[in-house]
Amino acid sequence: MEIGMIGLGKMGANMTKRLLHGGHRVVVSDLNKDAVQTAVSAGAVAAESMADLVHKLSPPRAVWVMVPSGKPTEGVVAALGDILDEGDIVIDGGNSNYKDTMRRGEMLREKGIAFVDVGTSGGVWGLAEGYSMMIGGTETAVTHISPILKTLAPGSDKGWGHVGPSGSGHFVKMVHNGIEYGLMQAYAEGFDIMKAKTDFSLDLHQIAEIWRFGSVVRSWLLDLTANALADDQELSGIKGWVSDSGEGRWTVFEAIDLDVPAPVITASLMARFVSRVEESYAAKLLAAMRNQFGGHAVKSAD
């Protein structure tokens, strides 16, 4: 099967390589011409523009959009809606908000163009291990692109699935990332407690390796934690500043809208915010209050 790929960032480039390895014809377009040439050297076909990409695909066309969420995705999907034909398919494999996805799907549906949202997980390991994909859209469109999905997945019958109508794929991926926040925070706190127990002189890398096999807390995240601790348990080259992609926030907002308690995911999101505070005014005020009511000592600022 052939497919157009718009966006050759790290994940888009790796997905293109996996598709090429699987024998698919891939037409690529990206603002970064070096990224295009790298894909061409691996066997892809270069397109000078989105219009050129559409021209080089045979109808019914399938175009995979792998650009940052928000305005970049909005612009690309809108532009494709103007140049694709009835019966063509647009696939959004990025981390778009599912409400935006539903709106974009309706906009394309009015033009006779199908819209498939693919919540994609796998990161930099996806090229070798395959991608987990949560897919929203019509049965007809998903069936048409299934050869592509089977190639990108860890296996033809595992790691991917059609979960519901337009928007559902990105919704499930949003919740997936919220769960990821909680799991990561639990690991981080546990290892922090063990690091603080200095009288035991615990080898954190050793413990991570022990837990990787047979333990009920074993996971791919733990495998990656062991990798991170292998060379430098102090993580001396890393600043304790943790960003968020937005999907953790969206999960918390959704939990509030649905009246579903999600204390672990919410707390893990708040912990990321705390990591970005060089000096907390709230902590200063807490110290001042303790001093006021109990005469507790406060540390002077340097």
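Which residues, together with Glu74, are linked in a network of salt bridges? Select Glu74, Asp100, Arg103 and Arg104 to see the members of this network. The model on display is predicted, and the tour below proceeds from the whole chain to individual sites.

**The whole chain**

Begin with the full chain in view. Its secondary structure comprises 14 helices and 8 strands. The C-alpha trace extends over about 75 × 40 × 35 Å along its principal axes. Of the 302 residues, 39% are buried. Display the surface next: the accessible area amounts to about 16,500 Å², and carbon and sulfur atoms contribute 58% of that total. Among contacts with a separation of 6 or more, 65% join residues that stand 24 or more positions apart. If the charged side chains are coloured by sign, there are 27 positive and 36 negative charges, and the mean positions of the two groups lie 2 Å apart.

**Salt bridges**

The network that opened this tour belongs to a wider set, for the chain has 18 salt bridges in total. Select Lys173 and Glu247, which form one of these bridges, with their closest N and O atoms 3.9 Å apart. Lys173 belongs to helix H9 and Glu247 to helix H12, so this pair ties together parts of the chain 74 residues apart in sequence. Are these two partners buried or exposed? Lys173 is buried, at 4% relative accessibility, and Glu247 is buried as well, at 0%.

Move now to Arg212, and add Glu209 and Asp223 to the selection. Arg212 forms a salt bridge with Glu209, in which the closest N and O atoms are 2.8 Å apart. Arg212 also pairs with Asp223, where the corresponding separation is 2.7 Å. This second pair links distant parts of the chain, since Asp223 lies in helix H11 and Arg212 in the loop between H10 and H11, 11 residues apart. Arg212 is partly exposed, with a relative accessible area of 26%. Glu209 is partly exposed, with a value of 26%, and Asp223 is partly exposed at 23%.

**Helices H9 and H13**

Select Gly182, which is situated in helix H9. Gly182 is buried, with 10% relative accessibility. Which residues does Gly182 touch, leaving aside those up to four places away in sequence? The answer is Val264 and Ser268. A distance drawn between the C-alpha atoms of Gly182 and Val264 gives 5.8 Å, although 82 residues separate the two in sequence.

Continue to Ile265, in helix H13, which covers residues 263–275. Ile265 is buried, and its relative accessible area is 15%. Apart from residues up to four places away in sequence, Ile265 touches Gly178, Ile179, Thr251 and Val252. For another distance, select Lys195: its C-alpha atom is 24 Å from that of Ile265, and the two residues are 70 positions apart along the chain.

**Backbone details in the loops**

Three loop sites merit a view with the backbone atoms shown. The first stop is Pro60, in the loop between helix H3 (50–55) and strand E4 (62–65). Is the peptide bond from Pro59 to Pro60 cis or trans? This bond is cis, with omega near -5°.

Proceed to Ser201, in the loop that joins helix H9 (168–196) to helix H10 (204–211). Its phi angle is near 50°, a positive value in a residue other than glycine. Ser201 is exposed, with a relative accessible area of 63%.

Then select Leu235, which occupies the loop between helix H11 (220–231) and helix H12 (247–257). Leu235 likewise has phi near 50°, a positive value in a residue that is not glycine. At 33% relative accessibility, Leu235 is partly exposed.

**A nonpolar patch on the surface**

Finally, restore the surface and select Tyr281, Leu285, Leu286, Met289 and Phe293. These residues form a nonpolar patch on the surface, with about 600 Å² of accessible area together. Where is Met289 placed? Met289 is in helix H14, which runs over residues 281–294. Met289 is partly exposed, because its relative accessible area of 41% falls between the 20% limit for buried and the 50% limit for exposed residues.

Note on methods. Residues are numbered from 1 along each chain as its sequence is written. This is a predicted model: local features need pLDDT of at least 70, side-chain atom pairs count only at pLDDT 80 or more; totals for chains, interfaces and linings use all residues. Side-chain values use heavy atoms; hydrogens and water are left out. Patches are made of residues with over 30% relative accessible area and no salt bridge: like charges are joined within 9 Å, nonpolar side chains (Val, Leu, Ile, Met, Phe, Trp, Tyr) within 5 Å. Accessible areas come from the Shrake-Rupley method with a 1.4 Å probe; for residues, only the protein chains shown count as cover. A salt bridge is a side-chain nitrogen of Lys or Arg within 4 Å of a carboxyl oxygen of Asp or Glu. Helices (H or I, at least four residues) and strands (E, at least two) are DSSP runs, numbered from the N terminus. Buried means under 20% relative accessible area, exposed over 50%, partly exposed in between (1.4 Å probe, protein chains only). Contact means heavy atoms within 4.5 Å. Lys and Arg count as positive and Asp and Glu as negative; His and the chain ends are not counted. The place of a charge is taken as NZ of Lys, CZ of Arg, CG of Asp or CD of Glu.
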